[in-house]
Every structure is written in structure tokens, then in C-alpha cells.
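Hi,

Here is the structure I said I would pass on. Have a look at it first, and then read my notes below.

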Amino acid sequence: MKTDIILAGVGGQGILTIATAIGAAAIKKNLYLKQAEVHGMSQRGGAVQSHLRLSSRPVASDLIPRAHADLILSVEPMESLRYLSYLSEDGWLVANEEPYKNIDDYPGMETIMNEITSLPHYVLLNADQIARKLGSPRSSNIVMLGAAIPFISGLDAALMEDGIRQVFARKGEEVVEVNLQAFRAGLQISEEKIKKI
Amino acid sequence: MKKLLLLGDEAIAQGAMDAGLSGIYAYPGTPSTEIMEYVQGSKMAEERNIHRMWSANEKTAYEAALGMSYGGKRAMVCMKHVGLNVAADPFMNSAVTGINGGFLVVSADDPSMHSSQNEQDSRYYGKFANIPILEPSNQQEAYDMAYEGFTLSEKYRVPVLLRITTRLAHSRSGVKRREVLPQHSLNLPQDTKQFILLPAMARVKYRILLSNQPNFREESLHSPFNKYFDGVDKRMGIIACGLAYNYLMENFRNGSIDYPVLKICQYPMPIELLKKITDECEEVLVVEEGYPFVEELIKGLLGTGVFVKGRLDGTLPRDGELDPDLVAEIFWKGKPLPHKTPDWISRRPPMLCKGCGHIDTFLALNEALKDYGPGHVFSDIGCYTLGANPPYNAIYSCVDMGASVTMAVGAADAGLFPSACVIGDSTFTHSGMTGLLDAVNKNSPVTVIISDNQTTAMTGGQPTPGLNRLEKICEGLGVEPDHVRVMVPLKKNHDENVKILREELEYRGVSVVISRRECIQTASKKKRAAKKSKKTNT
Ligand SMILES: Cc1ncc(C[n+]2csc(CCOP(=O)(O)OP(=O)(O)O)c2C)c(N)n1
Ligand code: SF4
């Protein structure tokens, strides 16, 4: 098995937390794993991405070649499209609908949505709204992680919940609990979408 | 033993600690920062009392590490590639003095300049100093090389250079640990003159270094990090160095590559293996991250003899980071992509955080200077360099750490008035202070604005060496106390700040304006930490 994932977003939106949680789960399952992160300059509100590769066999490159990603998971709609050339022919794109507008020339939402909905496989959800409803706006990245799980072969929800517990353990039981809820809410949305097809 | 999931940087840190490290010395710099941060966060470092405090700059870090080695203990110094320029003097000379306790120099290169001013290749420094270089291809090798680098260093009593690049530094993978070795105890060099580079002694020491060159090559020949893989198709041989080896193998995932492959991860280059591949094959492809270092050496200036493909003949781009796609293009040209990135996606460059104090400093400075026209402000490296972008367009230089002060001095010498500079607090103590001393000594008409956010923000908020002492430092260097001013960069203080800046810009002598407000990221991190500790205490 192998799953190549591009994580996308804007510096400060928490994609490294998503990567860490998946990494923790994958190591538990004894999968081979490489996860290239962006640190430094771009973290100041710039576009950031992370390449995450899971496999039952050793992984060579830290970077995913173009047209090889099984999944693009983006916490921001326009950022989900920045790496589209990496998506494999029948890969999935899972994106947050809520835009992060810190630039003047942000394209029209309609243009973005048209592009996403013309892809063969996609899930769109408003993770910020869901996280706000749960009373934890910072958990929108974990909502997105939940929505991505059905598309990551080799990992299942139970394993991921352990990963989340591990990542948030330092921050106390309350934080763990609300993030688990966020995770389940995202998961449910993707499962419903899959049922429909 | 269970595998640890580590960044390349962290693997180096763990490898060094497991090898009995006694001290790590560093100044932050992407992509090397996480090596020190990992040691600082580790229990093992605490238990072993490993020295792990940041230094004021790379040169002080290097020399302190050399002192630890003098004491017979294993020491490591870490920096980004341009940091090695700052530490180049002790670096070159320590190759001549040699070391006592094992000594590892880690230099992290940044091809494609993700967070840097240039993409220089540290391997040239290793060759320049005539010392062994290790260049890991993956996280496990990063660990193993840090671990074994100390043994190599102690065997020949030379510093060993460990070169990594951004991609490996910031990529995570599983790493297996080895046996944890004891730390060395204090043990001075047997030769009491070893570290005295008076000419007569330096000549002797230098000859020892030169006489070791064949031994270093022999080490490379037998190194487990260098490997020769036979192949049946001798029309081409491939030399792949460090991380580039993975990009090559990514393109032959079924493991069957028909060409002979030479993987080089330890230098100086093993001549026998180079000879073998060039004799055996009609042409040679060199895939390496950074400059065409190996390529140029085997091609030679005249390009006669071996036919070599790589970055110099356009087979690969001359600049920038490699990736698996660039390597794929060599073998399978122009494979179509199922999905294309739309061309209307906007760029999203890094920018100053909303509410950052640097913003208020620039707004006040722009207004204070508006009658003078453009071109009066030199700057430096840090978050505040983003003041070069719209809507501020406030600065006209960013060259190397500390250069803002000295360039302002030189421009004032050329007749520019007012001549001002904006420098961060950490950059000021890194290498701005000496420039200010020059300015004081010739009473140069310059205004040094220290945009003091009380942290080293650009690299993630490390402590700043001059915290709450900048006024005293400037006065100590000889700036008149009346012309060491402090302002608080807040919107509500704008008019007052413009006035302070105007007064000092117009002053025909050295003036310093400290514009002080804590970085909001650091402040909120502190607040969160305080909240958490309160919670756990109750
Ligand atoms: C020689 C050298 N060492 C390290 C760096 C990495 N570096 C760039 S900016 C910076 C921090 C600057 O801190 P400060 O001057 O306080 O400005 P701030 O980012 O806090 O605004 C560092 C360490 C570098 N570019 N060059
Ligand atoms: S990290 Fe701090 S110094 Fe840097 S832009 Fe943000 S607030 Fe300003």
C-alpha cells in the first residue's frame, strides 16, 4: 500500500499539526513514512505545503513527484488548487471552503469553486463553521483531518484518534475531547459523500 | 529499539547526543535551527548536562565549540550555510590546529533560497579547509553520520563537516537509534602547542593536515555511505550525491536501474570509484543538490576526456533545488499531467503579522523621511526585511547580517544625508555592534533604528542576546546618551514617534532610536504557556 498526500494551507493554519497526527498514527502501524515540511520564511502568512508519504515499503524521495498524489488535503480553498499538478489521475481533493484572504488579489470564490467541482473526486466542507459550532475555532484543521481519513489507505479512524490524543495530550483532556469531536464531524461528512457515489 | 520519527535536523541532534555529545553551540538560521531546539527540548540533554545555549553569532558559537573540543569533549556547532561565512575564520584555522575532543560542524544549505540570501554550497568550504565532508541522503544517514562523524574526527584529529540541505533538514522519517555512548571527561591536548598557530607551528600543523589527505580519501573509499551499484547498460553511469540519490531512486521504484550508479555521501571523493565509473561508461550523469561541485571536478575546466552531463550542460537546471520531477525529465521527457495548476492562482508571499510592531516603526519612519525622497534606509535580515514589500517600500538593502549599519556609514561617507538603517535586536547583537563602534569613532552622521521586538522572530522566536540591555550597549559603545532614544511603535504614538525620528535623522552625528514592542507571536506564546502552567498548578 502507498498513500501520497499533499497538505496545503497558509502559514499558521495548522497543517503541521495534521501532519504530526498522521505521522504518529503511521509509525504506530509500522508504516514507512516521509514527511517534508515547510519551516522558515513562508510560515509568516505565506503559502505552505507539506508532502506526506506513507507506504508499506521504504520511501525514496521526500518530495512527491507530480501526478502522484493520492490526496490533496487543504485547509484553504485557493491553496488546494496551487498543487493540482501533483494530483494523480483519480486522486481526491479534500478542501475547506472558508477562504483565508490576506492578499489583495484573491480570486473570485466562484472561479475557485468551479475549478474544484469540475474535478472527478472532491469533498468540500466548511471546517471553520463546524469548528466554531463545537466552540473551538482552532480545531478546523482537525475537522479537515477527519474528512481526509477515508482516502488514506492504511490508516483508520480508531488509529487516528490515538494519534490525535497523542498530539494534544500535553494540552489537557478538554482540548483532546473537542479535537476528537472535530475529527468525527469531518469524518462523517466524507463518509456521507462516499455513500452517495 | 522503536523507531523515532525525526526531522533530518533532529536526527543529527539525536545522533550527536547518543555519541556522547557534551556541548552544542549555534546561532539560529533556517534550515538549521531545529538541531539546537531538539537538544534544548530533550530530557537526555538535561540529564547529561549537555551545553545547549544559543550563542550571539556563528563565529562565537564556533569558537566556543572549539574550546569544548580543546577540553577533550565532543562538541558540535550548527548554522545555516551563510553562517559559515561568519564563522569562516575559525573554521579554516581549526582545520589547521586540529581538534582534541570530536568536533562536528553542521552547515545547512538552502538551495532555491527558501529562506536565504543565496544558495552557496558548503561542500566548497569543506574542500577549502581540506577536511572530510559527510552529506546524508536520508534521516537515518543523518543520524548515523552525526554518530560516526565524531569517531572520524577523533581518528584524524580534524573537524568534520556535515552538510545537509533544506529538504532533508525539514523532512521527517523513522530513525533507529544506536547504543548510547558515555561522554568524555575533561582532558587537555597532549601537545600544549597544538592550538597555537604562530607561523612556525602553523606550517607544521598545515603539513600534517595535507599529509592526511590520502587517508581521508581511503576513508571515503571504504565508507558505508559511498556505494557502487553495478549495472548492465554501460552507455551511461550515474553519480548521485546526498539527497539527490533519493530523487534518482524514486524514478526507478521497482529497484531495477540498468545503469551503474555511484552514490557519494562522503568526501573527499573516492578516486578509485570515480575512475571505475568513468572507465566503464560512455558518459556520466551527475545528480547533486546545490552547485555542480562533483560535476565540475570530474569534468575539469577543459571538459576533455570524460563526457559529463549535469547542471553545467543544461541536462539539469544550473540553479535551484532538485526534485524527483527534474530527474524524471532526464529519462522520460515531457510526460503529460492529468491535472494542471490553474494559472490564475494568486501568489501568497510571506508578510508581517497584523499588529506587528515593525509595521508601526516603518509607517513612522516613512513619514519622517517623506521630504527626503527614496533611498535613505539600509536594512538587514529578519522579519522587518518584509518592510521592503508594499505597502511599506521602506528599505533599500538587505545583504548580510549587520550590513545595514556599516552600509549606512559608508553611504554617509559618500555624502548621503540622512543615512539611516533599520536592524533587529538579534541582528544588532549578532554583528551590528562593531559597525556602530566604527560610526562612533568617526562621528558618522547616521541614525541606527533598532526595531526591538525582544526576540529572534524570523527563525521562530528564540531568545535575543541583548534583551533589555540595548541602551547600555549603545552608550557603552560611545553613542551620546541624549541620542539614544526609545519609542514604542504603536498607532497611538505615531505622531510622537515621527517627531523622535525626525529629530534624530536631522542630527549630524551618531544617533540610535530603539523602537521597542514585543513580537506579538512571542507574546501570545508566552501568554499561552503561562495560562497552561497556571492550570496545572491549580
Ligand atoms: C549569518 C546569518 N545567520 C543567521 C541568519 C538567519 N536569520 C535571518 S533573520 C534572523 C533573525 C533576526 O532576528 P532579529 O534581528 O531580532 O529580527 P526579527 O526577525 O526578530 O524581526 C536570523 C537568525 C542569516 N540570515 N544569516
Ligand atoms: S513574527 Fe513577530 S516580528 Fe515577525 S512579523 Fe510576526 S509579529 Fe512581527
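B:Asn393 sits in the loop between S14 and H17 of chain B. This is a predicted model, so please read everything here as computed from that prediction. B:Asn393 caught my eye because its phi is positive, about 45 degrees, although the residue is not a glycine. For background, most residues other than glycine have a negative phi, and most peptide bonds are trans. Is B:Asn393 buried, exposed or partly exposed? With a relative accessible area of 41%, B:Asn393 counts as partly exposed, a class that runs from 20% to 50%.

The loop has something else to show. B:Pro391 also lies between strand S14 (377-379) and helix H17 (403-413) of chain B, and a cis peptide bond joins B:Pro390 to B:Pro391, with omega about 5 degrees.

Then go on past H17. In the loop between H17 and strand S15 (419-424) of chain B you will find B:Pro418. The peptide bond that leads from B:Phe417 into B:Pro418 is cis, with omega near -10 degrees.

Chain A has a backbone oddity too. A:Ala67 is not a glycine, yet its phi is positive at about 65 degrees. Where is A:Ala67? Look in the loop between strand S3 (47-55) and strand S4 (69-74) of chain A.

Now for chain B as a whole. DSSP runs give chain B 21 helices and 18 strands. A compact globule with 538 residues would have a radius of gyration near 24 Å, and the 26 Å of chain B agrees with that. The C-alpha trace of chain B spans about 75 × 65 × 60 Å along its principal axes. Of the 538 residues in chain B, 58% are buried. If you take the contacts in chain B between residues at least 6 apart in sequence, 78% of them join residues at least 24 apart. Chain B has an accessible surface of about 22,600 Å², and 55% of that belongs to carbon and sulfur atoms. As for charge, chain B carries 61 positive and 62 negative side chains, with the centres of the two sets 5 Å apart.

One sheet in chain B is worth tracing on screen. This open sheet has six strands in the order S2-S3-S4-S6-S5-S11, and its pairing is mixed. Which strands stand at the edges? They are strand S2 (23-26) and strand S11 (266-267) of chain B; each has a single partner strand, so one side of each is left without a neighbour in the sheet. The partnership of S2(B) with strand S3 (residues 75-80) of chain B is parallel and runs over four bridges. To find the spot, look for B:Tyr25, which stands opposite B:Val77 in S3(B).

Over to chain A, which has seven helices and six strands. Along the sequence they follow the pattern β-α-β-β-β-α-β-α-β-α-α-α-α. The radius of gyration of chain A is 16 Å, close to the 16 Å that the globule rule gives for 197 residues, so chain A is as compact as a globular protein of that length. Its C-alpha trace spans about 40 × 40 × 40 Å along the principal axes.

In chain A, 61% of the 197 residues count as buried. Contacts between residues at least 6 apart in the sequence of chain A join residues at least 24 apart in 64% of cases. About 7,800 Å² of chain A is exposed, and carbon and sulfur atoms supply 48% of it. Chain A has 20 positive and 23 negative side chains, and the centres of those sets lie 4 Å apart.

Two elements of chain A show the burial well. In a regular strand the side chains alternate between the two faces of the sheet. Both faces of strand S6 (residues 122-125) of chain A are covered: A:Tyr122 and A:Leu124 are buried on one side, and A:Val123 and A:Leu125 on the other. S6(A) pairs in the parallel sense with strand S5 (residues 87-96) of chain A, over four bridges. There, A:Ala95 stands opposite A:Leu124.

The other element is helix H5 (residues 140-148) of chain A. How many of its nine residues are buried? The count is nine of nine, and among them are A:Asn141, A:Met144 and A:Leu145.

Best wishes

Note on methods:
Residues are numbered from 1 along each chain as its sequence is written. Chains are lettered from A and ligands numbered from 1 in the order in which they are written. This is a predicted model: local features need pLDDT of at least 70, side-chain atom pairs count only at pLDDT 80 or more; totals for chains, interfaces and linings use all residues. Side-chain values use heavy atoms; hydrogens and water are left out. The radius of gyration is taken over C-alpha atoms; the globule rule is 2.2 Å times the number of residues to the power 0.38. Buried means under 20% relative accessible area, exposed over 50%, partly exposed in between (1.4 Å probe, protein chains only). Contact means heavy atoms within 4.5 Å. Accessible areas come from the Shrake-Rupley method with a 1.4 Å probe; for residues, only the protein chains shown count as cover. Lys and Arg count as positive and Asp and Glu as negative; His and the chain ends are not counted. The place of a charge is taken as NZ of Lys, CZ of Arg, CG of Asp or CD of Glu. Two strands pair if DSSP finds at least two bridges between them.
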